[in-house]
Structure formats: C-alpha cells, structure tokens
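These are my notebook entries on how the helices pack and where the buried residues lie. I looked up each item in turn.

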Amino acid sequence: TLEQLRDLDENSDQLNSELLDIIAETLSCEQKEITEIEPLKKGMTNRSFRFRCGEKRYIMRVPGEGTDKMINRSQEYDVYQVIGSKGICDPVRYMSKEKGYKITEFLEGARNCDAENENDVKACMKYLRNVHEQKLKVNHSFDLFEQIEKYEQYRNGEKSIYRDYEKTKEKMYELKFFVDQQEKEYTLTHIDAVPDNFLFVDDRIYLIDWEYSGMQDPHVDIAMFAIYALYEKEQIDRLIDAYFTEGCLEEVRTKIYCYIAICGFLWSNWCEYKRILGVEFGEYSLKQYRYAKEFYRLAKERMEND
C-alpha cells in the first residue's frame with residue numbers, strides 16, 4: 001500500500017503519483033501529510049480510497065473499467081455546479097472534467113440508508129421529493145432508451161446472454177409508447193438514487209454520487225431506488241406511497257411500473273457490458289432482467305384494466 005511505501009521511504013519516486021499530486025495541490029499540503037490511506041469497498045462504477053490530511057478525512061474517487069464510455073464527466077461537473085451550493089450532496093473539494101477524479105470530504109459518522117428500515121425509506125423519499133421540487137435544471141438529459149441502445153452497442157456485436165433478449169427489448173419499446181403519452185415535468189433527476197447513495201449524518205441526509213444525473217422525469221428515481229434494493233412488488237408499492245404521501249394517481253403508479261421494467265432492462269444491459277470488461281454482478285444482473293419482464297406484465301395488466 002501507499003502507507004507501507006511511505007514507511008519505507010517517504011521520498012520514494014513511486015509515491016509521486018498523479019493522485020497524490022492532485023490531493024496535495026487541492027488541500028494545499030505536502031504529500032507526506034497524506035496519511036491513513038485505505039481502499040474502500042469497490043463500487044459498481046468506481047474505485048475509491050479514504051485518506052487523512054490534517055484534521056479531516058477525505059474520499060478520492062477513481063473511475064472504474066469502461067467508465068469513460070458510460071459517464072460524461074463534463075456533464076457531471078455541470079451538475080455539481082448546480083447542486084454544490086444547495087447542501088444536497090457531500091462537500092466536493094475537487095473534480096476533474098477530463099479523468100473523473102473527485103475528492104470529497106468524508107462525512108464522519110455517516111451511514112447508508114437501510115432499504116429494509118421503513119423509517120429510513122420514508123425519510124429518503126421525503127428528501128428525494130424535496131430535491132425534485134426544487135426543479136433544478138442542467139443543459140443535458142438522461143434518455144433511458146438512448147442509454148439502452150448505447151450499452152447494447154458497447155457489446156460490439158456479442159449476443160446477450162438472455163435468449164429472449166430481442167423479444168424483451170420489443171416489450172420495453174411498447175412501454176415507451178405509453179410513457180411518452182403521460183404528463184411529466186422534467187427536472188434534474190439523480191438516476192442513481194439508490195439506498196447506498198443516501199447518507200444519514202446526525203439529523204440530516206445527503207444524496208451523493210450524481211454522475212449519471214440529468215434532466216428526466218423525477219419519478220424514474222423512485223424506480224431506480226426500488227430495483228437496486230431488489231424490492232418485491234409489495235415493497236415497491238409502499239415505496240411509491242412513501243414518496244406520494246398524499247396518494248399516488250393510478251396512471252402515475254402504472255408509469256412507475258413501466259420505469260421499473262425499462263430501468264431493469266437498462267441496468268441488465270449495463271451489467272452485460274461490464275461483464276465483457278471482466279466485472280461480474282451475478283444475481284443483481286439477473287434480477288434486473290427479471291424486473292423488465294415481470295413489470296412489463298404488471299404494467300400491461302394495469303393499462304388494459306384502466
């Protein structure tokens with residue numbers, strides 16, 4: 001580790017890496033002041049490590065395999081310019097438009113949302129709705145079907161592992177026809193508003209990791225929370241009710257079911273691309289594809305009964 005190298009020789013050329021240079025420049029310190037370096041759990045998109053400089057600890061994000069094709073870092077930078085002053089996310093100290101490196105302050109005592117804790121989930125949905133109702137805007141969108149096609153192209157002609165992939169894809173475009181007819185008001189939407197990205201610190205919540213975000217129907221965020229948490233239908237309905245405390249219109253619930261199917265299909269494509277890069281997500285990937293099929297059926301039933 002870098003810590004072990006430093007113990008051997010703090011002047012070692014091996015320590016003069018780009019990452020340490022960025023940290024030292026950003027925090028106005030010398031490299032030898034960067035201590036307690038430890039890798040964090042590998043994320044689905046990025047790698048990160050935590051370190052101490054002076055009295056504070058920080059996290060540095062390093063993009064993972066294939067991320068340059070998935071994330072537009074210039075657009076991500078624009079998002080943080082919009083939300084940075086709103087106190088919505090963790091404090092960002094450095095961000096690179098080109099390479100995707102990011103340094104944030106480590107929030108001491110923080111914990112992730114527990115997707116099985118009803119109070120946690122209700123608090124997160126209340127917070128998420130408050131963010132949506134600020135109606136923040138950026139100059140780019142996150143188009144679900146454009147992303148589906150893009151991830152599919154990244155397979156470079158390699159067939160899907162799912163034998164009924166093409167038939168399932170046709171069904172997603174059926175749902176698109178319904179969704180496109182529904183009323184919706186686009187706003188800055190997180191896209192990756194999953195339980196792990198809600199941090200509870202003392203009496204407040206932060207929503208972190210806005211790298212996929214863009215203009216979209218904010219109800220997509222509800223679907224994304226549900227499918228990452230691997231919720232069953234009953235849990236999903238409770239989640240929707242936690243967001244719409246005044247009651248959810250039936251056509252809106254049907255639209256969210258459509259989003260669950262479409263987003264499940266989107267992330268199953270994402271997982272297939274990551275698999276080609278040598279990163280496996282196993283049961284998560286399979287479950288996302290199941291959401292596409294199961295919630296297509298549920299959404300179609302609701303459409304036919306309306």
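Entry 1. I began with the crossing of α7 and α10 in this predicted model, and found that α7 passes α10 in a left-handed crossing. The two axes come within 10 Å and cross at roughly 145 degrees. I then listed the residues that make the contact. From α7 they are Tyr 165, Thr 168, Lys 169, Met 172, Leu 175, Lys 176, Phe 178 and Val 179. From α10 they are Glu 251, Thr 254, Lys 255, Cys 258, Tyr 259, Ala 261, Ile 262, Phe 265, Asn 269 and Glu 272. Sorted by character, the residues of this contact are ten nonpolar, three polar and five charged.

Entry 2. I next asked whether Gln 182 is buried or exposed. Gln 182 sits in the loop between α7 (165–181) and β7 (187–189). Its relative accessible area is 18%, and the cut-off for buried is under 20%, so Gln 182 counts as buried. I noted that a polar atom of the Gln 182 side chain lies 3.2 Å from the backbone oxygen of Phe 178. Leaving aside neighbours within four places in sequence, I found Gln 182 in contact with Glu 251 and Lys 255. Both of these residues also appear on the α10 side of the contact with α7.

Entry 3. I turned to the nonpolar cores. The largest has 81 residues. Within this core, the residues with the most contacts are Leu 144, Phe 198, Trp 210, Tyr 231 and Trp 267. Helix α10 (residues 250–276) supplies the largest share of the core, with 15 residues. I followed Trp 267 further: not counting residues up to four places away in sequence, Trp 267 touches Tyr 151, Ile 191, Tyr 212, Met 224, Ile 227, Tyr 284 and Gln 288. Apart from the largest core lies another, of 15 residues, including Ile 23, Ala 24, Phe 51 and Tyr 101.

Entry 4. I looked up which residues of helix α9 (residues 233–243) are buried. They are Gln 235, Ile 236, Asp 237, Leu 239, Ile 240, Ala 242 and Tyr 243. These buried residues pack against α5 (118–133), α8 (219–228), α10 and α11 (282–305).

Entry 5. I closed with helix α2 (residues 18–26), whose buried residues are Leu 20, Ile 22, Ile 23, Ala 24 and Thr 26. Ile 23 and Ala 24 are also among the residues of the 15-residue core. After α2 comes Ser 28, for which I noted a positive phi, near 50 degrees.

Conventions. Residues numbered from 1 in each chain as written. Predicted model: local features only at pLDDT ≥ 70, side-chain atom pairs only at ≥ 80, totals over all residues. Heavy atoms only, no water. Core = buried A, V, L, I, M, F, W, Y, C linked by side-chain atoms within 4.5 Å. Buried < 20%, exposed > 50% of the residue type's maximum accessible area, 1.4 Å probe, protein only. Helix = DSSP H or I, 4+ residues; strand = E, 2+ residues; numbered from the N terminus. Contact = heavy atoms within 4.5 Å. Polar contact = N/O pair within 3.5 Å; in protein donor to acceptor, adjacent residues only side chain to side chain. Axes fitted to C-alpha atoms, helices over the stretch in contact; angles between N-to-C directions. Left-handed = near helix turned anticlockwise from the far one by under 90°. Nonpolar A, V, L, I, M, F, W, Y, C, P; charged D, E, K, R; others polar.
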